[in-house]
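Me: Hi! I've got a protein structure open and I'd like to talk it through with you. Can you help me find my way around?

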Amino acid sequence: MSAPLLEASALSRHFAVKSGAFGAKQLLKAVDGIDLRLNAGETLGLAGESGCGKSTVARLLMGLMAPSTGDIRFRGRKLADMGRSETFTFRKDVQMVFQDPFSSLNPRMRVGDIIGEPLTIHGLASGTQKREIVVNLMQK
């Protein structure tokens, strides 16, 4: 069996927050002890009530926020150990769509244009080649 595409082990993110009139600090455990494994070809969806840590987990998995404990690996490589070019490649390969479609998807754009936009932004395809890739993805 091959290594997972994305893996998190003992992932936690805690925040120090002020509490009470005198501002005594308490520890807020936004995410505590998450383990997950995502293999190539799989899709991960996070669901839960408001405030349960979904967005925090997503930000951790994208490397936009450092975990308090645990580590995240992409193709066996720790995100924390990646250099600038590796991080750039990682960000091209892994994306997230937040639950609010209006902050994630432009309602004035066609679906094909939304799918093709990253190909243009990252200089991966244009013209006929881009259209073929988009059509192929939409058919899948």
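Me: Which residue forms a salt bridge with R37, and how far apart are the closest N and O atoms?
Reply: Keep in mind that this is a predicted model. In it, R37 pairs with E7, and their closest N and O atoms are 2.8 Å apart. R37 sits in strand β2 and E7 in strand β1, so this salt bridge ties together parts that are 30 residues apart in sequence.

Me: Nice. Is E7 buried or exposed?
Reply: In between! E7 has 23% relative accessibility, so it counts as partly exposed.

Me: How many salt bridges are there in the whole structure?
Reply: A search of the whole structure turns up four. One of them joins D93 and R75, with the closest N and O atoms 3.1 Å apart. That pair links distant parts of the chain: D93 belongs to helix α2, while R75 is in the loop between β3 and β4, 18 residues away.

Me: Why does R75 count as exposed, and what about D93?
Reply: R75 counts as exposed because its relative accessibility is 53%, and the cut-off is over 50%. D93 is at 40%, so it counts as partly exposed.

Me: And what does K78 pair with?
Reply: K78 forms a salt bridge with D71, where the closest N and O atoms are 3.6 Å apart. K78 is partly exposed at 27%, and D71 is partly exposed too, at 22%.

Me: Changing topic: what order do the strands of the sheet come in?
Reply: The order is β2-β1-β3-β4, in an open sheet of four strands with antiparallel pairing. The edge strands are β2 (24-38) and β4 (77-78), and each of these pairs on one side only.

Me: How many bridges join β1 to β3?
Reply: Five bridges join β1 (residues 6-19) to β3 (residues 69-74), and these two strands run antiparallel. For an example you can look up, S12 has T69 in β3 as its bridge partner.

Me: OK, now the inside. Which residues have the most contacts in the largest nonpolar core?
Reply: Those are L6, L61, I72, F74 and F90, in a core of 17 residues. At least two residues of this core come from each of β1, β2, α1 (54-61) and β3.

Me: What does F74 touch, if I skip residues up to four places away in sequence?
Reply: F74 touches L5, L6, L79, M82, F90, D93 and V94. You've met D93 already: it's the residue in helix α2 that forms a salt bridge with R75.

Terms used:
Residues numbered from 1 in each chain as written. Predicted model: local features only at pLDDT ≥ 70, side-chain atom pairs only at ≥ 80, totals over all residues. Heavy atoms only, no water. Pairing = 2+ DSSP bridges. Salt bridge = Lys/Arg side-chain N within 4 Å of Asp/Glu carboxyl O. Buried < 20%, exposed > 50% of the residue type's maximum accessible area, 1.4 Å probe, protein only. Core = buried A, V, L, I, M, F, W, Y, C linked by side-chain atoms within 4.5 Å. Contact = heavy atoms within 4.5 Å.
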